[in-house]
Amino acid sequence: MIDPHAGHWPDGPPVTPDRALAELRAGNRRFVTGTRIHPNQDAEHRAALAGAQTPFAVMFGCSDSRLAAEIIFDRGLGDLFVVRTAGHTVGPEVLGSIEYAITVLHTPLVVVLGHNSCGAVTAARDAVAGGAQPTGHLRAVVDAIVPSVSVATSRNIDDIDQIVDIHIQRTVDHLLAHSQPLARAVASGACAVVGMSYQLGDGQVREVAGQTQALQ
């Protein structure tokens, strides 16, 4: 675990999925309770990172401005490898970024981070219900979420936050199905993928989905 005074790990950053997830849980608890320690944000750590990075988690999250990963998990420089798109929609660049973290940086955990009251998911639900279709490139974002809405509809689910949970699970499944390097890392126990949903009101992150084979 981290040294709350220096903001560093005496034995280096977490290198297993279990430890990485434990650090995220602990950081979110500090954020929620107002006991943040702002680790790894000092000048000494900044200088130490200049030559290399060893993030302990990939954070693939929604681009919502209220979803700043380093803040809600009380982390600092070099801790999280962050990839963000509206509605955490997946494309080649996203997969390539995650694979870079897994294969080059040897990051042991991938988190898909959604949130309640997601505007992108709401837009997709409205489009499926016959509402106005978005224009421009925003259409691609909505179209990518529509399959998750369709799954929810088949289960008679209309609540937006329940649809968000389904979309998080489907995003986890999509990453594993479309990235062989990630799937191999999970199968070997070197990495795990977890889906989380951030609650805008109270700041808590709850785990809702994931491939946790490597986690105890």
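Here is a short chat between a learner and a teacher about reading this predicted model.

Q: Let's begin with the overall layout. How many helices and strands does the protein chain have?

A: The chain has 8 helices and 5 strands. If you walk along the sequence, they come in the pattern α-α-β-α-β-α-β-α-α-α-α-β-β. The radius of gyration is 17 Å, close to the 17 Å that the globule rule gives for 216 residues, so the chain is as compact as a globular protein of that length. You can also picture a box: the C-alpha atoms fill roughly 55 × 40 × 35 Å along the principal axes.

Q: What share of the residues is buried?

A: For this you look at relative accessible area, and a residue counts as buried when that value is under 20%. In this chain, buried residues make up 46% of the 216 residues. As for the outside, the accessible surface comes to about 10200 Å², and 52% of that belongs to carbon and sulfur atoms.

Q: And what share of the contacts links residues 24 or more positions apart?

A: Take the contacts with a separation of 6 or more: residues 24 or more positions apart account for 67% of them.

Q: How far apart are the mean positions of the positive and negative charges?

A: They are 2 Å apart, with 15 positive and 21 negative charges in the chain.

Q: Now the strands. Which way do side chains point in a strand?

A: In a regular strand the side chains alternate between the two faces of the sheet. Try it on β3, residues 109–115. Leu-109, Val-111, Leu-113 and His-115 point one way, while Val-110, Val-112 and Gly-114 point the other.

Q: Is β3 buried or exposed?

A: 7 of its 7 residues are buried, so β3 is largely enclosed by the rest of the structure. Strand β4, residues 192–198, is mostly covered as well, with 7 of its 7 residues buried. On β4, Ala-192, Val-194, Met-196 and Tyr-198 point one way, and Val-193, Gly-195 and Ser-197 point the other way.

Q: In what sense do β3 and β4 pair, and over how many bridges?

A: They pair in the parallel sense, over 7 bridges. To trace this on the model, find Leu-109, which stands opposite Ala-192 in β4. Then find His-115, which stands opposite Tyr-198 in β4. Strand β3 also has a link to β1, residues 57–62: the two run parallel and are joined by 4 bridges. There, Val-58 has Val-110 of β3 as its bridge partner.

Q: What about backbone angles? Which sign does phi have in most residues?

A: Most residues other than glycine have a negative phi. His-88 has a positive phi of about 35 degrees, although it is not a glycine. You'll find His-88 in the loop between β2 (80–85) and α4. His-106 also has a positive phi, near 60 degrees, and sits in the loop between α4 and β3.

Q: Are those two histidines buried or exposed?

A: His-88 counts as buried, at 3% relative accessibility. His-106 counts as exposed, at 60%, since the cut-off for exposed is over 50%.

Q: Thr-107 comes next in my list. Where is it, and is it buried or exposed?

A: Thr-107 is in the loop between α4 and β3. At 2% relative accessibility, Thr-107 counts as buried. Leaving out residues up to four places away in sequence, Thr-107 touches Pro-55, Phe-56, Ala-57, Val-58, Ala-101, Ile-102 and Cys-191.

Q: Let's try a helix. Where does Glu-93 lie?

A: Glu-93 lies in helix α4, residues 92–103. Its relative accessibility is 62%, so Glu-93 counts as exposed. Its C-alpha atom is separated by 9.5 Å from that of Val-83, which is 10 residues away along the chain.

Q: And which helix holds Val-32?

A: Val-32 is found in helix α1, residues 17–33. Val-32 is partly exposed, because its relative accessible area is 33%, a value between the buried and exposed cut-offs of 20% and 50%.

Q: Which residues does Val-32 contact, apart from its neighbours within four places in sequence?

A: Val-32 is in contact with Asp-202, Gly-203 and Gln-204. You can also check Val-32 against Asp-74: they are 42 residues apart in sequence and 9.7 Å apart in space, C-alpha to C-alpha.

Methods: Residues numbered from 1 in each chain as written. Predicted model: local features only at pLDDT ≥ 70, side-chain atom pairs only at ≥ 80, totals over all residues. Heavy atoms only, no water. Rg over C-alpha atoms; globule rule 2.2 N^0.38 Å. Buried < 20%, exposed > 50% of the residue type's maximum accessible area, 1.4 Å probe, protein only. Contact = heavy atoms within 4.5 Å. Areas by Shrake-Rupley, 256 points an atom, 1.4 Å probe, with all protein chains shown as cover. Lys, Arg positive; Asp, Glu negative; His and termini not counted. Charge placed at Lys NZ, Arg CZ, Asp CG, Glu CD. Pairing = 2+ DSSP bridges.
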